[in-house]
Amino acid sequence: MGKLKNLLGSGEKVNLQNIQYDFVTLASHQLRTPLSAVKWSCEILLAGRAGKLAKKQEEYLREIYRSNERAIGLVNDLLDVSRIQEGQIHLEVRPMQIEKIAEEIIDNHSMIIKTAGVSLDYQIVNGPLPLVQTDPDKLSRIMANLISNAIKYTPRGGKISVVLEKKGNNVSISISDTGVGIPKSEQAKVFGKFFRSHNILKLSPDGTGLGLFIVKSLVEIMGGKISFDSEEGKGTSFIFTLPLKS
């Protein structure tokens, strides 16, 4: 807040969007540290590394963990949208093994997958894949967002699949689920800011509706394309492509 006050008290004409960007950036960084500490502590306790938990203790901890994950997601979404709108997304592109990024993201979601009671199938078609020219942090953000959505909107006993495949001069990444799906009448709005379909709102009132806007923006900034196919009551599949290393 001190930085924001200094800007306002300087007597200079400061654009409102710049003030908003500075505030969101500062607040996000301040929130990330305590939220990360809660996440780390929950993981330690749930893994039994501080002693065996009673059933009720484990239930409460899992709820704390889920709520904390939602808070982390909100902070990340607000920061990303602010950066996208201000043109502050800077790429650090280098040749990467996309399989390693995918496996790390899946591993990071293993506890949430277990808690949600869904299964995840991971497949590489005709691997190993060639190197991909990409920003690993941005790609991780894209995949984490899509996998998180798939977990959130797939009922217990459902299935999620992640498939990597070379297609022409691109690598294709598909993330599919057997979840609630998106009504056909609302599919044109999917990549808009604050979009949440009516059936998702009934299932889960939490969420900002910013995730898919961020995903599409990052994919396109990295020179890729994204599309989806969905049927209400049966599930959704998001597919995005990224260029290979030339």
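**Entry 1: helix α8**

I started with α8 and listed its buried residues: Gly211, Leu212, Phe213, Ile214, Val215, Ser217, Leu218 and Val219. I kept in mind that this is a predicted model. The helix covers residues 211-221, and eight of its eleven residues are buried, so α8 is largely enclosed by the rest of the structure.

Next I asked what covers the buried residues of α8. The cover includes two helices, α3 (55-85) and α6 (136-152), and two strands, β6 (225-231) and β7. I also checked the backbone just after α8, where Gly223 takes a positive phi of about 85°.

**Entry 2: α3 against α8**

I picked α3 out of that cover and looked at how it packs on α8. The axes are 10 Å apart and the packing angle is about 45°. The two helices are therefore oblique to each other. I noted the hand of the crossing as well: it is left-handed.

Which residues meet in this contact of α3 and α8? From α3 I wrote down Asp77, Asp80, Val81 and Ile84, and from α8 Gly211, Phe213, Ile214 and Ser217. By type, the residues of the contact are four nonpolar, two polar and two charged. For the helix spacing I reminded myself that an α-helix has 3.6 residues a turn, so residues three or four places apart point the same way.

**Entry 3: Asn76**

I then clicked on Asn76, which lies in helix α3. Is Asn76 buried or exposed? Its relative accessible area is 17%, and the cut-off for buried is under 20%, so Asn76 is buried.

Leaving aside neighbours within four places in sequence, I found Asn76 in contact with Arg32 and Arg141. I also took the C-alpha to C-alpha distance from Asn76 to Gly211: they are 9.5 Å apart in space and 135 residues apart in sequence. Gly211 is the residue I had already met among the buried ones of α8.

**Entry 4: α4 against α6**

I looked up a second helix pair, α4 (residues 98-108) with α6. Their axes come within 10 Å and cross at roughly 45°. That makes α4 oblique to α6. The crossing of this pair is right-handed, whereas I had noted a left-handed one for α3 and α8.

On the α4 side I listed Ile98, Ile101, Ala102, Ile105 and Ile106; they meet Pro136, Leu139, Ser140, Met143, Ala144 and Ile147 in α6. The residues of this contact divide into ten nonpolar, one polar and no charged.

**Entry 5: the sheet**

I moved on to the strands. What is the order of the five strands in the open sheet? I read it as β2-β4-β5-β7-β6, with mixed pairing. The edge strands are β2 (119-125) and β6, and each pairs on one side only. The twist from one strand to the next averages 15°.

I went through some pairings in turn. β2 pairs with β4 in the parallel sense, over seven bridges; there I found Val125 with Glu165 of β4 as its bridge partner. β4 (residues 159-167) and β5 run antiparallel and are joined by eight bridges, with Val163 opposite Ser174 in β5. These two strands form a hairpin with two residues between them, and Gly168 in it takes a positive phi near 65°.

On to β7 (residues 235-243): eight bridges join it to β5, and the two run antiparallel. In that pair I noted Phe240 of β7 as the bridge partner of Ile173.

Why is β5 described as largely enclosed by the rest of the structure? I checked its residues 170-177: seven of the eight are buried, so the description follows. As a reminder for reading side chains here, those of a regular strand alternate between the two faces of the sheet.

**Entry 6: whole chain**

I finished with the overall counts. The protein chain has eight helices and seven strands. It has 246 residues, of which 43% count as buried. For contacts between residues at least 6 apart in sequence, 69% join residues at least 24 apart. I put the pair Asn76 and Gly211 next to that figure in my notes, with their separation of 135 residues in sequence.

Note on methods. Residues numbered from 1 in each chain as written. Predicted model: local features only at pLDDT ≥ 70, side-chain atom pairs only at ≥ 80, totals over all residues. Heavy atoms only, no water. Buried < 20%, exposed > 50% of the residue type's maximum accessible area, 1.4 Å probe, protein only. Helix = DSSP H or I, 4+ residues; strand = E, 2+ residues; numbered from the N terminus. Pairing = 2+ DSSP bridges. Contact = heavy atoms within 4.5 Å. Axes fitted to C-alpha atoms, helices over the stretch in contact; angles between N-to-C directions. Parallel < 35°, antiparallel > 145°, perpendicular 65-115°, else oblique. Left-handed = near helix turned anticlockwise from the far one by under 90°. Nonpolar A, V, L, I, M, F, W, Y, C, P; charged D, E, K, R; others polar.
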